[in-house]
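Student: I've got a new model open and I'd like to learn how to read its features one at a time. Can we start with a single loop residue and work outwards?

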Amino acid sequence: MIYVDISAAVHARAGLGRYSEKLAQALIAAQPERFGLFYNRGKDGRFPPSLPTNIPQQSVQWGYKPWRMAVLLGQWGRVGFNRLVPDAELFHSTEHLLLPLRDVPTVLTIHDLIPQLFPAYHKKLNYWYLNLAMPLYCRRADAIVAVSQATRQDIVTHFGTDPAKIHVVHEAPASHFQPVSPARVTQVKQTYALPDRYLVHLSTIEPRKNLNRLLDALKALRSFFPNLSLVLAGGKGWLYDDFFAKIEADGLQDAVKVLGWVPDEDLPGVLAGAALGVQPSLYEGFGLPILEQMASGQVIAASNAGPHPEIGGKAAAYFDPRNVEEMTAVLHRLLANKEEYTHRQQLGLEHAKQFSWVRAAQETIAIYDQLLQK
């Protein structure tokens, strides 16, 4: 039995949760007889309704922090946790937490190296834990899945990991990200009281998302487009107080609308209803919102940092995330040039089709089979 850890999905942890849910869904659809699910229920976990309940499941019920410490201590002491998955022939950790197992091959997905590259953008306790644990988990894992070539290179550079055991498997947008009708866009805009013309940013609110500079660009753009607003779709992450203080200081209270978490059924309408999508992040491990917006029919202007050019290809327009003038110029061009906008919109729809969870599952199963044949 191959066990896939879906703890992040059980606790709906943003991108990690979506990754573990969609990957598990695709793996089970491909070879249902081979897979079981493992998860930490915690105090308020909820089994994802998209996943079948009639396959083997193993779980624990620990608080998030105690569980992370128990796993780390188990790795340090080489204490096997095999009793938690007694029939496991392979275990895949889909978040940055590798279960210590004896004589069972393990696969670890690494989404990014934010603690190592941007330590100031993490809470101190989380930074301490990940900076201590990640190099160890990388050494102990029999194979590593990196979600992008950029992340793969970061792992090699910062941890000295053997490149041969790192496999790149791209994520994909979920199936509900697709173009919606004008009537549906109108309905969604009315439901959320969205402005007539807005930039949309899809992600959690945290420092590495570079939203302070996006506010500077918005302020400059409003000299040309007075009614232009910014809509943020995504929950609050951490260290976001400076961002909200800047909104007040810049007098942009009426120009910025924070939606928080948006249900899946409404999100494509929010994205499609925008004048332009903007992803100005200083760093990402993958950059899934780029594909989600393209698949919804939205044009993307993104930073040229990390994997963005790898993921967005020729369909997205790029800018230096630390250069507000360049960011503003790219956004202005796309807002004003309808011909370029339409061209990139078609490119984006075609580009997003190249990424699928079926393909991701096939490539991941190949990694499992390679380990099991050793």
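Tutor: Sure. Aspartate 103 counts as exposed because its relative accessibility is 82%, and the cut-off for exposed is over 50%. Keep in mind that this is a predicted model.

Student: Where does aspartate 103 lie?

Tutor: In the loop between strand S4 (90–93) and strand S5 (106–110). Now look at the backbone. Most residues other than glycine have a negative phi. Aspartate 103 goes the other way, with a positive phi near 60°.

Student: Which loop holds asparagine 210, and is asparagine 210 buried or exposed?

Tutor: Asparagine 210 sits in the loop between strand S8 (197–202) and H8. Its phi is positive too, near 65°. With a relative accessibility of 4%, asparagine 210 counts as buried, since buried means under 20%.

Student: On to the sheet. How should I read the pairing?

Tutor: The general idea is that strands of a sheet pair through backbone hydrogen bonds, either parallel or antiparallel. Here you have an open sheet of six strands in the order S10-S9-S8-S11-S12-S13, and the pairing is parallel. Strand S10 (256–260) and strand S13 (317–319) are the edges, each pairing on one side only. From one strand to the next, the twist averages 25°.

Student: How many bridges do S8 and strand S9 share?

Tutor: Six, with S8 and strand S9 (residues 228–233) running in the parallel sense. To see the register, find tyrosine 198, which stands opposite serine 229 in S9.

Student: Which strands does helix H11 lie across?

Tutor: Helix H11 (residues 288–295) lies across S8, strand S11 (276–279) and strand S12 (300–303), and it runs at about 170° to S11. Angles go from 0 to 180 degrees between N-to-C directions, so read that value with the directions in mind.

Student: Next, charges. How many salt bridges does a search of the whole structure find?

Tutor: It finds 13. One of them joins the side chains of aspartate 216 and lysine 246, at 2.9 Å from N to O. Aspartate 216 belongs to helix H8 (residues 211–221) and lysine 246 to helix H9 (residues 241–249), so this pair ties together parts that are 30 residues apart in sequence.

Student: Why is aspartate 216 classed as partly exposed, and why does lysine 246 count as buried?

Tutor: Aspartate 216 is partly exposed because its relative accessible area is 29%, whereas lysine 246 counts as buried because its value is 18%. Lysine 246 also forms a salt bridge with aspartate 250, with the closest N and O atoms 3.0 Å apart, and aspartate 250 is buried as well.

Student: Which other salt bridges should I click on?

Tutor: Try glutamate 340 and arginine 333, whose side chains meet at 2.8 Å, N to O. Glutamate 340 is buried at 16%, while arginine 333 is partly exposed at 35%. Then look for a network of salt bridges linking Glu206, Arg208, Lys209 and Glu284.

Student: Last one: which residues form the nonpolar patch on the surface?

Tutor: Leu73, Trp76, Leu125, Trp128 and Leu132, with about 520 Å² of accessible area together. Helix H3 (64–76) and helix H5 (124–140) are the elements that give two or more residues to the patch. H5 gives the most, with three. Tryptophan 128 is in helix H5, and its 41% relative accessibility is why it counts as partly exposed.

Key:
Residues are numbered from 1 along each chain as its sequence is written. This is a predicted model: local features need pLDDT of at least 70, side-chain atom pairs count only at pLDDT 80 or more; totals for chains, interfaces and linings use all residues. Side-chain values use heavy atoms; hydrogens and water are left out. A salt bridge is a side-chain nitrogen of Lys or Arg within 4 Å of a carboxyl oxygen of Asp or Glu. Helices (H or I, at least four residues) and strands (E, at least two) are DSSP runs, numbered from the N terminus. Buried means under 20% relative accessible area, exposed over 50%, partly exposed in between (1.4 Å probe, protein chains only). Patches are made of residues with over 30% relative accessible area and no salt bridge: like charges are joined within 9 Å, nonpolar side chains (Val, Leu, Ile, Met, Phe, Trp, Tyr) within 5 Å. Accessible areas come from the Shrake-Rupley method with a 1.4 Å probe; for residues, only the protein chains shown count as cover. Two strands pair if DSSP finds at least two bridges between them. Contact means heavy atoms within 4.5 Å.
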